[in-house]
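Subject: Structure handover, with notes on salt bridges and a cavity

Dear colleague,

I am passing on the structure we spoke about, and I would be glad if you could keep it open while you read the notes underneath.

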Amino acid sequence: MSRIGKLPVPVPDGVTVNIEGSHVAVSGPKGDLEMTAPEGVTLDTNDDGDVVVSPSAATQDSRSRHGLVRSLVANMVIGVTDGYSKRLELVGVGYRAQQKGRDLEFQVGYSHPVLVEAPDGISLEAPAPTQIVVTGVDKQLVGQVAANIRSIRPPEPYKGKGIKYEGEVVRRKAGKAAGR
């Protein structure tokens, strides 16, 4: 059995978890999330109100999904209580982001500005021209939106210019050697 999957998911005050078969709905102060668990995994609540995930069969598939489903439910509970955020930085001369309502407009070295629209459940902020903050309740969606923004202009290895995650280390390469 999975070491992670064995642990119950604690449900804090102010969060409600509804389990109907393989469908889980979690609602809290920051929002609501839903998920359908894959086959081979059963969800239930114990006496303390915590969510318990267990494999329904002794097959390899159900055991392999056991810890995954427990982590997904735990991420849902954390998301509706605290939320998730990813911070990105723009590195380069003239690279900047500007707030346009809910959306962001990027100037990152192209001949035109790039507009990124915020999907439902995600908020995009530009506290400074070279910083971006992506926040939301769904961990997976926050990470995907941050990855999509980074893919507009990924950091390049020669000068380090581009959009990178905060704290990301860009390995630099040596340029061309001078004339012989």
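The notes below take the salt bridges in turn and then go on to the internal space.

Please bear in mind throughout that this is a predicted model, and that the values quoted here were computed from it.

Salt bridges

The structure holds three salt bridges. In one of them Arg 87 is paired with Glu 166, and the closest N and O atoms of the two are 3.5 Å apart. This pair links distant parts of the chain, since Arg 87 belongs to strand 6 (residues 84–91) while Glu 166 is found in the segment after strand 12 (162–165), 79 residues apart. Arg 87 counts as partly exposed, at 35% relative accessibility, and Glu 166 is likewise classed as partly exposed, with a value of 43%.

Another salt bridge joins Glu 89 to Lys 164, again with 3.5 Å between the closest N and O atoms. Glu 89 lies in strand 6 and Lys 164 in strand 12, so this pair ties together parts of the chain that are 75 residues apart in sequence. The two partners fall into separate accessibility classes because buried means under 20% relative accessible area: Lys 164 is buried at 15%, whereas Glu 89, at 22%, is partly exposed.

The remaining salt bridge is formed by the side chains of Glu 168 and Arg 150, with an N to O distance of 2.7 Å. Glu 168 sits in the segment after strand 12 and Arg 150 in helix 3 (residues 139–150), so the parts that this pair ties together are 18 residues apart in sequence. Glu 168 is partly exposed, with a relative accessible area of 22%, and Arg 150 is also partly exposed, at 23% relative accessibility.

The cavity

Where is the internal space, and which residues line the largest cavity? The structure holds one cavity of 30 Å³ or more, and the space in the largest cavity comes to about 30 Å³. Its lining consists of Arg 87, Leu 88, Glu 89, Gln 131, Ile 132, Val 133 and Glu 166. Strand 6 and strand 11 (131–136) each contribute at least two residues to that lining, which by class comprises three nonpolar, one polar and three charged residues.

The two topics meet at a few residues: Arg 87 and Glu 166, which form a salt bridge with each other, are both among the residues lining the largest cavity. Glu 89, the partner of Lys 164, is another of the lining residues.

With best wishes

Notes: Residues numbered from 1 in each chain as written. Predicted model: local features only at pLDDT ≥ 70, side-chain atom pairs only at ≥ 80, totals over all residues. Heavy atoms only, no water. Salt bridge = Lys/Arg side-chain N within 4 Å of Asp/Glu carboxyl O. Helix = DSSP H or I, 4+ residues; strand = E, 2+ residues; numbered from the N terminus. Buried < 20%, exposed > 50% of the residue type's maximum accessible area, 1.4 Å probe, protein only. 1 Å grid on protein atoms, 1.4 Å probe; cavity = no way out; pocket = protein on both sides within 12 Å on 5 of 7 lines; lining within 4 Å. Points joined across faces, edges and corners; volume = space filled by probe spheres on them. Nonpolar A, V, L, I, M, F, W, Y, C, P; charged D, E, K, R; others polar.
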